[in-house]
Amino acid sequence: MDLPSLKPRPDVADKVQIKETGDFSAYDTMTNGFMSVRGQLCNSHALEQTEKKFKGNQENMRLAFLRSTQGIHAPLKIMHEKNAVRKTQRLPFLPSSNIALETLEGRDEFIDFDDYIFTDPEEGIESLAPPHMIMEKALFASKEH
């Protein structure tokens, strides 16, 4: 059985995409945050891409190893458990620790940068927008897709 490739693949954006929302079809900085054009225009270094995808690659390797040793049922069971845990969450304006997901992934016994530095600006401790705005954004975004 072949294991997934760990060779980095370039992520290339064809065009700069600007979300046009709000009044007058202009970008809404107060709701969506500042726009980063540099990340859409410049190619990143291969090592940066590898580091961004490290956890996903490690998980794919672990699932492929489980599939080759225990059969297809083991990775499927783990993936179904993780999907069920991801679906249960708090309201969008409340911070969540996702302790059940960390326990399933085995990250509950280690202290890492993700434990005290937020990588996603939306999951930070302070939110600039009121809860009603955040709920409306979450509800209307789910209806559009």
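Which helix holds both lysine 52 and glutamate 48, and how many residues apart are they? Helix α3, residues 46-52, holds both, and they are four residues apart. The legends below start with the whole chain and then move to close-up views, this pair among them.

**Figure 1. Overview of the predicted model, a chain with eight helices and zero strands.** Along the sequence the pattern reads α-α-α-α-α-α-α-α. The chain has 145 residues, and buried residues make up 8% of them. Its accessible surface comes to about 12700 Å². Carbon and sulfur atoms account for 58% of that surface. Contacts between residues at least 6 apart in sequence were also sorted by separation: 48% of them join residues at least 24 apart.

**Figure 2. Confidence along the chain.** The average pLDDT is 77. A score of at least 70 is reached by 70% of the residues. Among the elements of the chain, helix α5 has the highest mean pLDDT, 93. The lowest mean, 63, belongs to helix α2, residues 38-41. Where pLDDT is low, the coordinates should not be read in detail.

**Figure 3. Close-up of the salt bridge between lysine 52 and glutamate 48.** The structure holds five salt bridges, and one of them is shown here. The closest N and O atoms of lysine 52 and glutamate 48 are 3.6 Å apart. Both residues lie in helix α3. Their spacing of four residues is about one turn of the helix. How accessible are the two partners, lysine 52 and glutamate 48? Lysine 52 has a relative accessible area of 64%, so it counts as exposed. Glutamate 48 has 37%, so it counts as partly exposed.

**Figure 4. Close-up of the salt bridge between arginine 62 and glutamate 59.** Here the closest N and O atoms are 3.2 Å apart. Both residues belong to helix α4, which spans residues 54-70. They sit three residues apart, about one turn of the helix. Arginine 62 is partly exposed, because its relative accessible area is 34%.

**Figure 5. Close-up of glutamate 59 and lysine 82, a salt bridge from helix α4 to helix α5.** The closest N and O atoms of this pair are 2.7 Å apart. The pair links distant parts of the chain, with glutamate 59 in helix α4 and lysine 82 in helix α5, residues 73-87. They are 23 residues apart. The two side chains are also joined by a polar contact of 2.7 Å. Which residues share a network of salt bridges? Glu59, Arg62 and Lys82 are linked in one.

**Figure 6. Close-up of the surroundings of lysine 82 in helix α5.** Is lysine 82 buried or exposed? Lysine 82 counts as buried, because its relative accessible area is 5% and buried means under 20%. Which residues does lysine 82 contact, leaving aside its neighbours within four places in sequence? With those neighbours set aside, the contacts are Glu59, Arg62, Leu101, Leu104 and Glu105. One of these, leucine 104, is 22 residues from lysine 82 along the chain. The C-alpha atoms of lysine 82 and leucine 104 are separated by 7.1 Å.

**Figure 7. Close-up of asparagine 60 and serine 5.** Asparagine 60 lies in helix α4. Its relative accessible area is 40%, so asparagine 60 is partly exposed. How far from serine 5 is asparagine 60, in sequence and in space? In sequence, the two are 55 residues apart. In space, they are 9.5 Å apart, C-alpha to C-alpha.

**Figure 8. Close-up of a nonpolar surface patch.** Which residues make this patch? Ile111, Phe113, Tyr116 and Ile117 make it, and the patch is about 510 Å². Phenylalanine 113 is in helix α7, residues 113-116. Phenylalanine 113 counts as exposed because its relative accessibility is 56%, and exposed means over 50%.

Key:
Residues numbered from 1 in each chain as written. Predicted model: local features only at pLDDT ≥ 70, side-chain atom pairs only at ≥ 80, totals over all residues. Heavy atoms only, no water. Patch = residues over 30% accessible without salt bridge, like charges linked within 9 Å, V, L, I, M, F, W, Y side chains within 5 Å. Areas by Shrake-Rupley, 256 points an atom, 1.4 Å probe, with all protein chains shown as cover. Salt bridge = Lys/Arg side-chain N within 4 Å of Asp/Glu carboxyl O. Helix = DSSP H or I, 4+ residues; strand = E, 2+ residues; numbered from the N terminus. Buried < 20%, exposed > 50% of the residue type's maximum accessible area, 1.4 Å probe, protein only. Polar contact = N/O pair within 3.5 Å; in protein donor to acceptor, adjacent residues only side chain to side chain. Contact = heavy atoms within 4.5 Å. pLDDT = per-residue confidence, 0-100.
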